[in-house]
Amino acid sequence: MKQPQTSRRSFLALAALTPFAVAATTACGTSGPGSSSGGGGASMWYLSGEPNQTTMQKAVDAFNSANGDNKIAVTYFQNDAYKTKIKTAIGAGQAPTIIYGWGGGTLKTYAEANQVDDLTGWFEENPDLKKKFFPSSFGAATVNGKIYALPNQYVAPIVLFYNKELFEKAGVQPPKTWDDVMSLVKTFNDMGVAPFSLGGQSRWTSMMWLEYLLDRIGGPGVFNAIFEGKPNAWLDPAVIETGTKIQELVSAEGFIKGFSSITADSNADQALLFTGKAAMMLHGTWTFGGMKKNGQNFVQNGKLGFVQFPTVPGGKGDPKNGVGNPAQYMSISSKASDKEKESAKKFFKDGILTETVIDTYINSGSVPIVNGIEDKLDTSPDKDFLNFVYDLAKNAPNFQQSWDQALSPTAAEALLNNIDQLFLKSITPQQFAENMNATLGK
Amino acid sequence: MSNAVSTAPRAATVRTGAASTDKRKAALAWLTLPALFFFLVFAVVPLVGVLILSFASWDGIGAIGAAGMGNWFSVLADPGLYNALGLTFLIMIVSWLVQTPISLLLGVFTAGSQRYRAALAVLYFLPLLLSSAAVAIAFKALLDPNFGLATGLGLPFLAQDWLGVPHLALGLVIFVIAWQFVPFHTLIYQGGVRQIPKSLYEAAQIDGAGIIKQFFHITLPQLKYTIITSSTLMVVGSLTYFDLIFVLTGGGPGNSTRILALDMYLRGFRANLMGPASVIAVILVVIGLGLALFLQRLGGKDKQGSQLEGL
């Protein structure tokens with residue numbers, strides 16, 4: 001009779017303790033990194049990895065030594081780890097002052113949850129700053145007509161790289177049409193060289209093929225309808241034809257054997273191109289720096305060729321259209337203090353795309369999103385490549401942001417999963433279109 | 001251990017009567033408070049939170065809204081869930097079938113006392129010291145069809161698209177899991193074998209039983225509870241295989257290695273669907289509890305008693 005009483009009492013005691021426990025854990029939570037930027041500065045999270053990390057660190061150091069009251073404290077994270085961490089931090093109200101990102105669908109979710117500040121008014125107050133950047137770079141920073149992010153860094157379209165040495169050996173020219181692509185696939189397979197390198201396990205690598213094919217076949221309107229969530233936008237015949245062309249290319253062994261177990265993070269796909277194991281590679285221009293550094297003079301000796309994505313006979317898309325990343329973006333957390341926001345804006349204005357930083361980007365083989373850099377590009381040893389990228393970005397009638405960035409995270413994850421299955425031929429192009437159609441509006 | 005603790009009060013009961021036993025037990029009950037406290041804060045509270053979230057719509061960033069049964073209906077109607085469930089059980093069963101015999105035999109072998117066995121045991125235990133992420137990255141690099149072991153050592157049969165073909169990737173995942181966890185279970189079996197009284201084997205030898213007979217009639221029956229412990233850890237642990245598969249295949253190719261725990265992560269943190277991810281978390285908890293209870297039942301009612309009693 002006594003014992004149950006005791007245990008009931010201990011349970012009551014425990015119940016009384018629970019609020020303290022909750023209080024204790026929440027107390028720990030609020031003292032996280034978000035509020036640790038004492039001294040009036042702003043915190044910033046940025047990606048690790050060279051050469052960008054050093055470039056950013058130098059820019060921050062220069063800004064900090066000139067602005068004692070507005071110091072920026074920067075922390076570096078690996079790309080994939082960062083994407084998860086920043087989302088969790090924002091959800092928990094622990095975001096850094098400056099939120100780095102890729103604009104598009106993710107920025108839209110932040111903006112609609114009121115997690116990032118509207119910068120439209122601030123850009124109006126600083127017209128010179130707005131005029132400094134490529135106009136196309138603001139598209140992915142804009143949500144419902146308002147600008148929520150500062151475009152920065154460089155423009156990175158996706159282009160068709162090829163190994164000039166292998167092309168000379170085969171006596172062929174880079175492809176201008178889809179028919180050229182299919183005949184080159186046969187030529188290189190007969191030579192015992194893989195036609196295209198692809199890091200298929202990363203999935204967004206395969207997505208780049210769909211982006212260009214859909215544009216060349218159906219024009220930019222098809223994806224715009226998808227982006228706007230129009231009913232049955234994914235069921236457009238151009239989507240089915242794109243999927244069919246992809247599976248034809250896979251069946252013709254267009255991609256290197258084992259492509260679905262190769263990742264882009266390890267740069268193995270770039271290595272396949274510069275070691276001559278694969279003849280061509282569709283990839284972002286951000287890979288240029290890596291190939292220059294790791295390719296043992298492959299780039300320096302002029303063996304790397306680059307052309308625009310070929311046209312598809314009967315297609316509606318302008319062959320000058322580009323896809324890729326129009327820029328990278330930085331937003332300001334709406335949870336930051338006024339002082340922190342002020343420091344962040346000062347950094348946006350004076351600290352980020354300084355002359356030194358612009359030069360560093362150009363030296364590493366990238367085209368910063370700044371107007372009037374033609375002279376600088378012309379003096380670079382990589383001027384052929386840089387001018388090619390610059391002209392592509394400047395002259396493209398339509399520059400489509402990468403789909404996984406443009407779409408909402410929910411739709412993007414479904415897209416990557418379905419693309420993987422499309423390339424494995426475990427679903428038909430029709431099923432692909434239907435699966436994706438179910439994600440419209442999500 | 002439980003034996004020693006429980007006999008002391010029993011002896012006291014005989015001497016001083018029931019009243020003082022209750023007092024003693026009451027005093028002991030307070031000793032569980034710290035454990036209960038941490039269990040409440042770190043297990044019960046999050047569990048309730050997940051249960052609530054499974055009825056909410058939340059993208060992990062904005063406001064949390066009510067979703068009613070919506071998440072449950074959509075997840076239960078999703079063929080992806082059954083694919084993940086099937087894979088989880090497949091990996092669980094095949095892993096058990098692969099790991100148990102190997103670790104049992106290795107455990108029996110390393111329980112011996114010769115010096116070379118000690119040296120070998122150290123080698124067997126090495127994989128246990130590595131983190132799953134490191135193991136996954138290492139295997140991924142070694143098995144790369146273009147730059148891995150196959151080209152390095154000139155072994156063309158190794159140049160398979162290991163992580164790119166669905167059934168190869170699944171097999172490889174099971175192999176790497178076994179490679180990493182066999183040492184742990186070997187350690188458990190080694191401990192179990194060393195607990196078996198030598199007198200049993202001596203008696204068997206006098207009766208003329210050979211090594212194989214001894215194994216099947218003494219070692220195996222005596223290891224019954226060790227097998228149940230190891231199997232429980234293996235089976236319930238397999239529900240949480242995540243890091244290794246995440247780094248090795250990311251759930252691919254297609255959905256061929258997307259087990260339940262990974263499915264939960266990808267839905268929650270990649271696709272911003274915290275509600276459906278919570279539904280899967282609840283399903284995982286239920287399956288884990290069910291399996292643990294089932295395995296406990298297998299042990300029979302006498303499992304809390306000493307195996308050495310009567311010796």
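**Exercise 1. A loop residue with an unusual backbone angle**

A:Asn297 sits in the loop between H13 and strand S10 (304–307) of chain A, where helices (H or I, at least four residues) and strands (E, at least two) are DSSP runs numbered from the N terminus. Before going on, note that this is a predicted model, in which local features need pLDDT of at least 70, side-chain atom pairs count only at pLDDT 80 or more, and totals for chains, interfaces and linings use all residues. Residues are numbered from 1 along each chain as its sequence is written, chains are lettered from A and ligands numbered from 1 in the order in which they are written, and side-chain values use heavy atoms, with hydrogens and water left out.

Task: Find what sign the phi of A:Asn297 has, and do likewise for A:Glu253.

Solution.
- Step 1: Most residues other than glycine have a negative phi.
- Step 2: A:Asn297 is not a glycine, yet its phi is positive, about 65°.
- Step 3: With a relative accessibility of 41%, A:Asn297 counts as partly exposed; buried means under 20% relative accessible area, exposed over 50%, and partly exposed in between (1.4 Å probe, protein chains only).
- Step 4: A:Glu253, also not a glycine, has a positive phi of about 55°. This residue is in the loop between helix H11 (237–251) and H12 of chain A, and is exposed, with a relative accessible area of 53%.

**Exercise 2. Checking a helix with a ruler**

Task: Work out what span H3(A) should have, and compare that with the distance between its end C-alpha atoms.

Solution.
- Step 1: The expected span of a helix is 1.5 Å times one less than its number of residues.
- Step 2: H3(A) has 13 residues, so 18 Å is expected; its end C-alpha atoms are 19 Å apart, which agrees.
- Step 3: Now look at its buried residues, which are A:Tyr82, A:Thr84, A:Ile86, A:Lys87, A:Ala89 and A:Ile90.
- Step 4: Their cover includes strands S1 (42–47), S2 (72–77) and S3 (98–101), H4 and H19 of chain A, together with helix H14 (260–270) of chain B.
- Step 5: Just after H3(A) comes A:Gly93, with a positive phi of about 70°.

You can repeat the check on helix H17 (residues 383–395) of chain A: its 13 residues should span 18 Å, and the end C-alpha atoms are 17 Å apart, which agrees. Buried residues of H17(A) include A:Phe385, A:Leu386 and A:Phe388.

**Exercise 3. Following the salt bridges**

Task: Determine which parts of chain A the pair A:Lys292 and A:Asp382 ties together.

Solution.
- Step 1: Side chains of opposite charge can pair when their charged atoms come close. A salt bridge is a side-chain nitrogen of Lys or Arg within 4 Å of a carboxyl oxygen of Asp or Glu.
- Step 2: The side chains of A:Lys292 and A:Asp382 form one, at 2.8 Å from N to O.
- Step 3: A:Lys292 lies in helix H13 (residues 287–294) and A:Asp382 in the loop between helix H16 (374–378) and H17 of chain A, so the pair ties together parts that are 90 residues apart in sequence.
- Step 4: A:Asp382 is buried, with a relative accessible area of 8%.

Chain B offers another example: B:Asp263 and B:Arg267 meet in a salt bridge at 3.0 Å, N to O. Being four residues apart in helix H14 of chain B, they are separated by about one helical turn. B:Asp263 is buried at 2% relative accessibility, and B:Arg267 is buried at 11%. Salt bridges with shared partners join B:Asp78, B:Arg258, B:Asp263 and B:Arg267 into one network.

**Exercise 4. Where the two chains meet**

Task: Describe the interface of chain A and chain B by its contacts and its buried area.

Solution.
- Step 1: Count the contacts (heavy atoms within 4.5 Å): 39 residues of chain A touch 37 residues of chain B.
- Step 2: Buried area is the accessible area (1.4 Å probe) that two parts lose on being put together, summed over both. Here it is about 3200 Å², with 60% from carbon and sulfur atoms.
- Step 3: The salt-bridge rule finds zero across this interface.
- Step 4: H1(A) supplies the largest share of the side of chain A that touches chain B, eight residues.
- Step 5: That side divides into 14 nonpolar, 19 polar and six charged residues, where Ala, Val, Leu, Ile, Met, Phe, Trp, Tyr, Cys and Pro count as nonpolar, Asp, Glu, Lys and Arg as charged, and the others, Gly among them, as polar.
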